[in-house]
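Here is a short tour of a fold, meant to be read with the model open beside you. Let's begin with the sheet and then look at what packs around it.

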Amino acid sequence: MSTVHQPDLKDRPARLTVGVVGAGRVGPALAASLQLAGHRPVAVSGVSDASRRRAERLLPGVPLVPPAEVLQRADLVLLTVPDDALPGLVAGLAETGAVRPGQLLVHTSGRYGVAVLDPALRAGALPLALHPAMTFTGTPVDVQRLAGCSFGVTAPGELRLAAEALVIEIGGEPEWISEENRPLYHAALALGANHLVTLVAQAMELLRTAGVGAPDRMLGPLLGAALDNALRSGDAALTGPVARGDAGTVAAHVAELRAHAPQTVAGYLAMARATADRALASGLLKPELAEDLLGVLADGGRTSPAGGTGRTDRPHGTTGDDGTNRTDDSTGTDDTDDTDGPTGTEGNDR
């Protein structure tokens, strides 16, 4: 018979023993944050050598044991495995009788709500979905980043307060996400965070090809300002050749990308089309300028507008039609992002 203390729901979140199933980038960091809040990590499981090293670094002295033993030892169990592995893990743990009544089972998947934990719920577990909207490195810096991080929270109504309290104890900000909206919520984070990494990496490669010695130093202030402006102002922060309707400049960009980095052309065109749509809808892009621009994008930039000059009819540093100075915009250094998360919750065992 198990001697593990099973706290009453009215006591939650009391000081809990914490276990981690899946010692990827997320689980050990969350357990370390809960430890700072007064809870006690007691067991962790991991498959790869990297996972084991990560657990030893973030949770020193916490024993590495099989998943079923993690559940035997812990009041609160973090299931921090990749999204696609989560349903099978939950079903397997429930079938083997590892789940105990009254045990808190917390998964960190952005995609799923609490329905994925139904097999454990039938075994008497208390299901919570707490997804940190943060990207993780697998290092101690992750623990610091969780302070102030938003969490997508989904839980049964009677556990909502307990779920939100756990997030607050970590130092996070709970954001309630309904069960049916979890996939859309996760897609939004992936679009912003995961794709941002790809865009930044491509921009750095292109700058190196152009002869820039420190592309990170060049991009840091620019992208920081762009992100800040976008978060503050949304579409009103759009600038650059697409938002201005500089079709010749866009055609020249595509020609250069075809010559030096053809693998980036499809992404550039897709983002330019999306940017043009948003700029048109918000009134930033004038319809009379959009025609040539959309023609360039439709034809993949293979032909240039205005007689094939590949240049705009507005000289560098002149004043635009709206009376604002365009010097910075013309250079491309203008004001324009996990979690895995996730969103920043990638990596072996997450």
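## The sheet

In this predicted model, seven strands form an open sheet with mixed pairing, ordered E2-E1-E3-E4-E5-E6-E7. Strand E2 (40-45) and strand E7 (173-176) take the edges; each has a single partner strand, so one side of each is left without a neighbour in the sheet. On average, neighbouring strands are turned by 25° against each other, direction ignored.

If you would like a pair to look at, try E4 and E5, which run in the parallel sense and share four bridges. Here Leu104 stands opposite Leu126 in E5.

## Helices on the sheet

Helix H4 (residues 86-95) packs on the sheet and touches E1, E3 and E4, with its direction at about 145° to that of E3. H7 also packs on the sheet, touching E3, E5, E6 and E7. The direction of H7 makes about 150° with that of E7.

## Two nonpolar cores

The largest nonpolar core holds 35 residues. Those with the most contacts inside this core are Leu76, Leu78, Leu128, Leu130, Leu146 and Phe151. Among the elements giving two or more residues to it are strand E3 (76-79), strand E5 (126-132), strand E6 (150-154) and helix H7 (160-170). The largest share, five residues, comes from H1.

Which residues surround Leu146? Leaving aside neighbours within four places in sequence, Leu146 is in contact with Ala29, Leu30, Ser33, Pro132, Phe136, Phe151, Ile170, Gly171 and Gly172. There is also a second, separate core of 22 residues, including Leu71, Ala74, Val90 and Leu117.

Definitions and conventions:
Residues are numbered from 1 along each chain as its sequence is written. This is a predicted model: local features need pLDDT of at least 70, side-chain atom pairs count only at pLDDT 80 or more; totals for chains, interfaces and linings use all residues. Side-chain values use heavy atoms; hydrogens and water are left out. A nonpolar core is a set of buried Ala, Val, Leu, Ile, Met, Phe, Trp, Tyr and Cys residues joined through side-chain atoms within 4.5 Å. Buried means under 20% relative accessible area, exposed over 50%, partly exposed in between (1.4 Å probe, protein chains only). Contact means heavy atoms within 4.5 Å. Two strands pair if DSSP finds at least two bridges between them. Axes are lines fitted to C-alpha atoms, for helices over the stretch in contact, and angles run from 0 to 180 degrees between N-to-C directions.
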